[in-house]
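Good morning, everyone, and thank you for making the time. I would like to walk you slowly through one model today, so please keep the picture in view while I talk.

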Amino acid sequence: MGSGVAIVTGGGRGIGRAIVARLAAEGYKVVTCGRGARPDDLDTAVDWVQADVARPGDAERINEAAGDAALLVNNAGVQVEKTVTESSDTDWDAVVGVNCRGVFNMCRAVLPGMERRGGSIVNIGSISGRAADPSMALYNASKACVHGLTRSIAVDHGPRVRCNAVCPGWIMTEMAEDAFALARDPEAARRDALTRHPVGRMGTPEDIANMVAWLASDAAAYVSGACFTVDGGMTAASPLRPGVF
Amino acid sequence: MTLAGRTALVTGGRGGIGRAICARLLREGATVYAADLSEGGSLGDEGADSAEFVRFDVTREEDAKSVMALVAQARGRLDILVNAAGIEIEKTIEDTTLEEWNRSFAVNVTGTFLTSKHALPLLRAAARQTGGASIVNFGSYDGFIADPGLAAYCATKGAVHALTRAMACDHGPEGIRVNAVCPGYIDTPMLQSFFGGEGSGGGGKSIDDLQQAVRDVHPLRRYGTPEDIANLVNWLSSDEARYASGQLWVLDGGLSAQVQQMRL
């Protein structure tokens with residue numbers, strides 16, 4: 001069981017929401033944040049801070065609201081589906097602002113206290129930080145940045161702080177549902193996607209929350225600087241699957 | 001002529017990729033021995049080059065000794081060893097017999113071990129005379145990520161990757177560099193055989209349609225040629241690569257740089 005305060009950024013929906021629910025169930029006092037207003041259906045025991053992690057002042061504010069955080073989960077992320085030549089300065093600021101600078105801002109705010117008390121940081125990286133998804137240039141690069149920052153923090157701020165990353169594959173969130181809905185043949189697209197997952201299904205936000213909870217727990221006391229992939233085996237297989245053509 | 005005066009031995013030298021390597025090393029001025037089970041190899045006699053053929057079963061230690069004795073007598077040293085001999089069993093572990101498993105390891109892993117082991121005195125002789133010698137092993141992108149129904153092959157290539165690093169560690173101080181090239185889909189008889197097997201599960205598509213679909217998944221929109229691989233082997237074997245050792249060089253047209261492509 002967890003104890004103490006856990007900060008989860010971007011806990012309003014999707015993967016972040018599942019992480020919030022899991023950590024609350026584990027016994028953490030959870031503080032989460034998002035750029036919008038508090039979602040109506042958020043557990044009343046969970047504190048909400050309206051904040052943008054891309055802004056250093058907001059990150060400080062989240063940290064102060066949490067008090068003595070024992071766990072920081074950097075989940076907030078945005079995705080822009082463009083190549084380098086299509087991406088604007090605004091796109092760069094949006095993706096790098098939240099995905100890279102947001103993780104940096106939060107870690108910088110939380111680390112001084114966490115180093116004194118001991119604690120753990122879990123970042124949400126991505127399989128796309130290791131191999132590229134097409135037309136996701138800034139997103140892919142931002143997630144590789146998260147992996148690098150994860151290792152740096154583990155190296156620089158151990159032994160009192162452990163820092164790890166989870167690299168999700170295809171997780172069924174509203175974002176993924178939208179992508180299928182846009183396919184020429186949504187059912188065929190769904191079938192094809194399933195074939196590429198050795199476990200025979202796509203991921204759920206809870207699958208990621210399970211790994212986050214484990215990395216935060218004492219069972220993972222010797223795990224630091226690691227980037228663990230949770231993708232149903234998808235990236236263990238070649239991108240080329242003649243069998244499904 | 002980057003390899004003038006050098007002596008090279010290429011195992012699997014009459015196979016799809018091995019033959020292209022022999023041709024390339026010859027063009028760069030090396031004296032080349034093409035070692036293989038038969039002079040025709042997997043492509044038959046067509047397109048044979050002027051590399052000197054030596055009969056060599058890489059799984060037999062006596063063969064390794066006699067091939068190296070032959071090179072020692074003729075040349076006195078070996079500058080370049082390319083361990084390109086390999087086989088592929090297209091099965092899951094459940095369907096793979098123990099004999100097939102052992103055969104895969106015998107050729108792909110033990111063959112690399114035995115050939116390198118008995119080539120070392122000649123490679124050392126070359127390193128003493130010229131300052132360096134090079135071994136290029138054959139890994140595969142399948143040593144990093146799996147193709148379905150190639151279990152033993154994937155495992156042997158993972159073993160070759162680890163062996164490459166170990167050999168680089170042990171023999172670097174003697175001036176011997178060791179690297180592995182890790183090809184993706186290369187147009188060889190081995191690949192055509194793989195298409196044949198996979199094609200039957202591909203919804204009745206013709207092999208031509210299947211090949212086009214495969215090309216489309218590659219960022220460079222083609223699969224590789226044996227010459228693409230020979231280019232890298234040539235570079236790794238040359239003085240240009242004198243600081244390159246212990247590395248696994250993936251050459252796959254960008255295939256493994258991407259996440260699996262959902263068909264949306």
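Let me begin with a term that we will need: a residue counts as exposed if 12 or fewer other C-beta atoms lie within 10 Å of its own, and as buried if there are 20 or more, with partly exposed in between. Please also keep in mind that what you see is a predicted model.

With that in hand, look at Arg221(B), which sits in the loop between H6 and H7 of chain B. Arg221(B) has 11 C-beta neighbours inside 10 Å, and therefore it counts as exposed. Its phi is near 60°, a positive value in a residue other than glycine. That deserves a remark, since most residues other than glycine have a negative phi.

Chain A offers a second case, Ser135(A), whose phi is near 55° and so also positive in a residue that is not glycine. Ser135(A) belongs to the loop between strand S5 (119-124) and H4 of chain A, and because it has 14 C-beta neighbours inside 10 Å, it counts as partly exposed.

Staying with chain A, we come to the peptide bond between Gly158(A) and Pro159(A), which is cis, with omega about 0°. Pro159(A) lies in the loop that runs between helix H4 (137-157) and strand S6 (161-168) of chain A.

Now let us return to chain B and its helix H6, residues 207-217, where the buried residues are Gln211(B), Val214(B) and Val217(B). How are these buried residues arranged when we look down the axis of H6(B)? They fall within an arc of 115°, so they line one face of the helix. On the other side of H6(B) we find Asp208(B) and Asp216(B), which are exposed.

My last topic is a pair of helices in chain B, namely H1 (residues 16-27) and H7 (residues 226-237), whose axes come within 8 Å and cross at roughly 50°. An angle between 35 and 65 degrees falls in the oblique range, and H1(B) and H7(B) are therefore oblique to each other. The crossing of H1(B) with H7(B) is right-handed. Among the residues that meet there are Ile17(B), Ala20(B) and Ile21(B) from H1(B), together with Ile229(B), Ala230(B) and Val233(B) from H7(B). Sorted by class, this contact between H1(B) and H7(B) has eight nonpolar, two polar and three charged residues.

Technical notes. Residues numbered from 1 in each chain as written. Chains lettered and ligands numbered in written order. Predicted model: local features only at pLDDT ≥ 70, side-chain atom pairs only at ≥ 80, totals over all residues. Axes fitted to C-alpha atoms, helices over the stretch in contact; angles between N-to-C directions. Helix = DSSP H or I, 4+ residues; strand = E, 2+ residues; numbered from the N terminus. Parallel < 35°, antiparallel > 145°, perpendicular 65-115°, else oblique. Left-handed = near helix turned anticlockwise from the far one by under 90°. Contact = placed C-beta atoms within 7 Å. Nonpolar A, V, L, I, M, F, W, Y, C, P; charged D, E, K, R; others polar. Arc of directions from axis to C-beta.
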